[in-house]
Amino acid sequence: MAQFNVEIELYGAFRNFDDGKALMLELPFGADLAAIKAAFVEALRFRDPDFDSEALVEVSAFADDCTILGANYSLAGDAKLAILPPVNGG
């Protein structure tokens with residue numbers, strides 16, 4: 001089965017896990033958003049074994065250059081994505 005590289009840019013609260021480069025994942029063709037999120041959590045735990053913010057990942061949006069990805073997103077090739085945590089403001 002084909003494997004694709006997924007580069008994840010970190011924003012907001014996830015910048016705490018930024019080591020100066022994007023987080024790289026390797027996922028199979030057809031991986032859905034849930035699989036991307038699970039691989040992302042695993043990769044963050046690899047960078048920081050104390051990572052315990054799975055809930056933040058669940059409420060965060062993933063986006064490509066053009067759009068916020070929906071639950072029906074399916075990986076069809078190498079991708080560059082961003083994770084966008086919710087923000088509060090006033």
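**Reasoning from values to terms**

Student: Why is R45 called partly exposed?
Tutor: Its relative accessibility is 36%. Buried needs under 20% and exposed needs over 50%. The value falls in between, so R45 counts as partly exposed. Keep in mind that this is a predicted model.

Student: What makes the pair R45 and E54 a salt bridge?
Tutor: The closest N and O atoms are 1.7 Å apart. The cut-off is 4 Å, between a side-chain nitrogen of Lys or Arg and a carboxyl oxygen of Asp or Glu. The distance lies within that limit, so the pair qualifies.

Student: How many salt bridges does this rule give?
Tutor: The count is one salt bridge.

Student: Is E54 buried, partly exposed or exposed, and why?
Tutor: Its relative accessible area is 28%. That is not under 20%, nor over 50%, so E54 is partly exposed.

Student: Which class does P49 belong to, and why?
Tutor: P49 has 67% relative accessibility. The exposed class begins over 50%, so P49 is exposed. This proline sits in the loop between α1 and α2 (54–59). From V6 it is 43 residues away in sequence and 21 Å away in space, C-alpha to C-alpha.

Student: What about P86?
Tutor: At 48% relative accessibility, P86 is below the exposed cut-off of over 50% but above the buried one of under 20%, so it counts as partly exposed. P86 lies in the segment after β4.

Student: Which residues does P86 contact, leaving aside neighbours within four places in sequence?
Tutor: L56, V59 and S60. Contact here requires heavy atoms within 4.5 Å. As for V57, P86 is 29 residues from it in sequence and 9.7 Å from it in space, C-alpha to C-alpha.

Student: How do you know that the protein chain agrees with a compact globule?
Tutor: Compare two radii of gyration. For 90 residues, a compact globule would come near 12 Å, and the protein chain has 13 Å, which agrees. Along the principal axes, the C-alpha atoms fill a box of roughly 40 × 30 × 20 Å.

Student: How much of the protein chain counts as buried?
Tutor: 37% of its 90 residues. The accessible surface is about 5,500 Å², with 52% of it belonging to carbon and sulfur atoms.

Student: In what order do the elements run?
Tutor: From the N terminus, β-β-α-α-β-β. That is two helices and four strands. Contacts reach across the sequence too. Among those between residues at least 6 apart, 57% join residues at least 24 apart.

Student: What makes a set of residues a nonpolar core?
Tutor: The members are buried nonpolar residues joined through side-chain atoms within 4.5 Å, so both burial and linkage are required. The largest such core holds 26 residues, and I8, L25 and F40 touch the most other members. The elements giving two or more residues are β1 (3–10), β2 (23–28), α1 (33–47) and β4 (79–84). The largest share, seven residues, comes from α1.

Student: What does F40 contact, leaving aside neighbours within four places in sequence?
Tutor: I8, L10, F14, L23, L25, V57, F62 and I83.

Student: Which residues make the nonpolar surface patch of about 250 Å²?
Tutor: Y11, I68 and L84. Patch residues must have over 30% relative accessible area, and nonpolar side chains are joined within 5 Å. I68 is in the loop between β3 (61–63) and β4.

Key
Residues are numbered from 1 along each chain as its sequence is written. This is a predicted model: local features need pLDDT of at least 70, side-chain atom pairs count only at pLDDT 80 or more; totals for chains, interfaces and linings use all residues. Side-chain values use heavy atoms; hydrogens and water are left out. Buried means under 20% relative accessible area, exposed over 50%, partly exposed in between (1.4 Å probe, protein chains only). Patches are made of residues with over 30% relative accessible area and no salt bridge: like charges are joined within 9 Å, nonpolar side chains (Val, Leu, Ile, Met, Phe, Trp, Tyr) within 5 Å. Accessible areas come from the Shrake-Rupley method with a 1.4 Å probe; for residues, only the protein chains shown count as cover. The radius of gyration is taken over C-alpha atoms; the globule rule is 2.2 Å times the number of residues to the power 0.38.
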